[in-house]
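Reader: Could you take me through the largest pocket of this model in some detail? I'd like to know what lines it, and then how the other parts you find worth a look are put together.

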Amino acid sequence: MIKNMNYDDLDAFSKKVIKGFEFTDSDLEELLKLSKDEELEKLFYVSRKIRNYYFGNKVFLYSFIYYSTYCKNKCTFCYYNESNSITRYRLSTSDIIKTINVLKNEGIHMIDMTMGEDPYYHSNPVKLVDLIKAVKKETNLPLMISPGVIDSCVLKEIHDIGANFYALYQETYDPMLYKKLRIGQSYQKRIDARNAAKNIGFLIEDGILTGIESSVKSLVVSLRGLQKSNPDMVRSMTFVPQPGTPFENKGQNTNKMELKIISILRLLFPDRLIPASLDLEGIHGMVSRLDAGANVVTSILPNNSKLEGVVNYDRDFEVRERSAKNVISKLEHIGLRPAPQSDFNRIIGI
Ligand code: SF4
């Protein structure tokens, strides 16, 4: 497929994708197996062409507020799993609002409110509803929540308050791998929670972890699962072994597979939001992910913030470079720019 095409063919191919080209499983396997730099460049080129067709040079920016790192679950890949002896925090509502007040005039398009499945909120969801209410009162910005699997009645209340997006990553649609990653958690309940949120009126984010799968076929299963999930925003993130977790000694892969999957996601979901996270490799990694076809920068934080990320490559850095200002300056350097808020609001239907 792509690897034997010249650049005129690639332009023609990107037009075919925009018109609804359907990829077979063997097409996807072939793309996932691309390995030479020259082949990958072609894949990234097609993805950028498609992204630019829908979004021009405009990029969306989200900040990330990880407001509770407590969790009742034991996901084997996650630093915050309940069994890991780490220092945890749960921010007060006033601390969350202080952070939002710093962020809200910096040019970000949406605030992402994330937590582990913290029993403090999960056993008393009214506290979560009250928190989101307080946050929403403080800002007109669109809001994404990522609280884990929660009851549809609670989701409905949160949606009525004005939250826009519900993020819930399956991590993998390969049931065997899921069992190894999300220990003791129902595969189907996770899908049901996402579908319930969609029926309530939320926009949905779904995502997969890469670099931990046993085979390319397992990734194809996950890509098909994402297509069935049909999210408004779709991501892939590289597995990074975390200290103190059952998978801490698993080998670390390069980001190559994540970049390939970002590009393939662009082929499968041409007009959707696809994030480039700052959480894995900072601004440098943001550029490679945008080059692969992403159109959103996530995990933006004030530079002096002590808040955690999911992978948190800069946990021990004296100064973090994740502010909106750092991001915007780099975007301008590479010929991209932040989209107007009105573009984002149009996409999310407000
Ligand atoms: S991935 Fe989420 S649910 Fe799983 S242990 Fe980590 S914070 Fe908890």
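Author: Seventeen is the number to start with: the largest pocket is lined by 17 residues, and Lys72, Glu117, Val149, Ile150 and Lys189 are the ones that lie nearest its centre. Keep in mind that this is a predicted model. The volume of the largest pocket comes out at about 270 Å³. Sorted by character, its lining has seven nonpolar, five polar and five charged residues. Helices do a share of the work here, since α5 (119-122), α6 (125-138) and α9 (187-200) each supply at least two residues of that lining.

Next, the ligand. Around it you'll find Tyr66, Cys71, Asn73, Cys75, Phe77, Cys78, Asn81, Gly116 and Arg182. That shell splits into five nonpolar residues, three polar ones and one charged.

Now for the enclosed spaces. There are two cavities of 30 Å³ or more in the structure, and the second largest has a volume of about 30 Å³. Lining the second largest cavity are Glu171, Thr172, Leu177, Ile208, Leu209, Glu213, Ser218, Leu219 and Ser222. By character, that makes four nonpolar, three polar and two charged residues. Both β5 and α10 put in at least two residues each, with α10 giving the largest share of this lining, three residues.

One of those lining residues, Glu171, deserves a second look for its backbone. Glu171 has a positive phi of about 75°, although it is not a glycine. You'll find Glu171 in the loop between β4 (165-167) and α8 (175-181). Is Glu171 buried or exposed? With a relative accessible area of 8%, Glu171 is buried, because the cut-off for that is under 20%.

β5 and α10 also lead you on to the next strand. Strand β5 (residues 203-210) runs parallel to β6, and six bridges join the two. In that pairing, Glu205 stands opposite Met233 of β6. To get from β5 to β6, the chain passes through helix α10 (residues 216-229), and this β-α-β crossover is right-handed.

How is β6 covered on its two faces? Met233, Arg235 and Met237 sit on one side, Val234, Ser236 and Thr238 on the other, and all of them are buried. Six of the six residues of β6 (residues 233-238) are buried, so the strand is largely enclosed by the rest of the structure.

The loop between α10 and β6 is the place of Asn230. Asn230 is a residue other than glycine with a positive phi, near 55°. Its relative accessible area is 38%, so Asn230 counts as partly exposed. Put the two positive-phi residues side by side and you have Glu171, which is buried, and Asn230, which is partly exposed.

One last stop is Phe64, which has its place in strand β1 (residues 58-68). Phe64 counts as buried, at 6% relative accessibility. Along the sequence, Phe64 and Ile100 are 36 residues apart, while in space they are 9.9 Å apart, C-alpha to C-alpha.

How values were computed: Residues are numbered from 1 along each chain as its sequence is written. This is a predicted model: local features need pLDDT of at least 70, side-chain atom pairs count only at pLDDT 80 or more; totals for chains, interfaces and linings use all residues. Side-chain values use heavy atoms; hydrogens and water are left out. A residue is near a molecule or strand if one of its heavy atoms lies within 4 Å of it. Ala, Val, Leu, Ile, Met, Phe, Trp, Tyr, Cys and Pro count as nonpolar, Asp, Glu, Lys and Arg as charged, and the others, Gly among them, as polar. Buried means under 20% relative accessible area, exposed over 50%, partly exposed in between (1.4 Å probe, protein chains only). Helices (H or I, at least four residues) and strands (E, at least two) are DSSP runs, numbered from the N terminus. Two strands pair if DSSP finds at least two bridges between them. A crossover is right-handed if, with the strands pointing away from the viewer, the path from the first strand over the helix to the second runs clockwise. On a 1 Å grid over the protein atoms alone, a cavity is a set of points where a 1.4 Å probe fits but cannot get out, and a pocket is an open set with protein on both sides within 12 Å along at least five of seven lines; lining residues have an atom within 4 Å of a point. Grid points are joined across faces, edges and corners, and a volume is the space filled by probe spheres set on the points.
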